[in-house]
Amino acid sequence: MAVIAAAQTTDGGWTWAQTAALIVPCIALFGAYFTYTLNQRAVRRERRAKTFAEALTAVEEYLEMPYRIRRRPKSSSAVRQQLTDEVSGLLAQMAFHQAWLQIEASAVAGPYATLVATARAEAGAQMSLAWDQPPITTDGGMNLGSPYPRDRSTAARADCIEVMRRHL
């Protein structure tokens, strides 16, 4: 008798089975939508983190150029051309990332631009000094002794990373 009562219609002609048949798919659709939304958010966050890391890598490689120039094996037009091409390529990468950040994460674009400007000022002056040094011809010469100072670039990088973390 209880089974018959459950299948009986309500006052409006609607059964509890029909109600359950509508509620269950709605809950399933909501669950699927919620899962999809969370997955898309994770994908966007991962893409943004990768973009930020690539942008920071370009600056880091630029900051390493004074060492590459200082440690050049010889002074020839081919070596000079290779190193200046690398510098030009890094400048183009940083400009690309700067534009990309203005589009993707405008709040990060300002601190990144500050980091790029600071790195260009510090490493640019250091590259000029490195070009004035003679090429290294011995294994012992590869140890340059003291590092090039990067205090301002390090501070600008820390500020930029903090803003990037907030915008992941």
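This report describes aromatic pairs and salt bridges in a predicted model.

The count of aromatic pairs comes to two. In one of them, Tyr67 and Tyr148 meet edge-to-face, with 5.0 Å from centre to centre and 65° between the planes. Because Tyr67 belongs to helix α2 (residues 16-70) while Tyr148 sits in the loop between α4 (106-132) and α5 (151-166), this pair ties together parts that are 81 residues apart in sequence. Tyr67 is buried, at a relative accessible area of 12%, and Tyr148 also counts as buried, at 19%. Phe96 and Trp100, by contrast, form a stacked pair, with 5.9 Å centre to centre and 25° between the planes; they are four residues apart in helix α3 (residues 77-104), and so are separated by about one helical turn. Phe96 is partly exposed, with a relative accessible area of 48%, as is Trp100, with 35%.

The whole structure holds seven salt bridges, among them the following.

| Salt bridge | Closest N and O atoms |
|---|---|
| Arg150 and Glu60 | 2.7 Å |
| Glu64 and Arg150 | 2.5 Å |
| Arg165 and Glu162 | 4.0 Å |

Arg150 lies in the loop between α4 and α5 and Glu60 in helix α2, so their salt bridge ties together parts that are 90 residues apart in sequence. Glu64 is likewise in helix α2, and its pair with Arg150 ties together parts that are 86 residues apart in sequence. Arg150 counts as buried at 17% relative accessibility, whereas Glu60 is partly exposed at 29% and Glu64 is partly exposed at 34%. Arg165 and Glu162 are three residues apart in helix α5, separated by about one helical turn; Arg165 is exposed, with a relative accessible area of 58%, and Glu162 is partly exposed, with 36%. Through shared partners, salt bridges join Glu60, Glu64 and Arg150 into one network.

Notes: Residues numbered from 1 in each chain as written. Predicted model: local features only at pLDDT ≥ 70, side-chain atom pairs only at ≥ 80, totals over all residues. Heavy atoms only, no water. Phe/Tyr/Trp six-rings, centres within 6.5 Å; stacked < 30°, edge-to-face > 60°. Helix = DSSP H or I, 4+ residues; strand = E, 2+ residues; numbered from the N terminus. Buried < 20%, exposed > 50% of the residue type's maximum accessible area, 1.4 Å probe, protein only. Salt bridge = Lys/Arg side-chain N within 4 Å of Asp/Glu carboxyl O.
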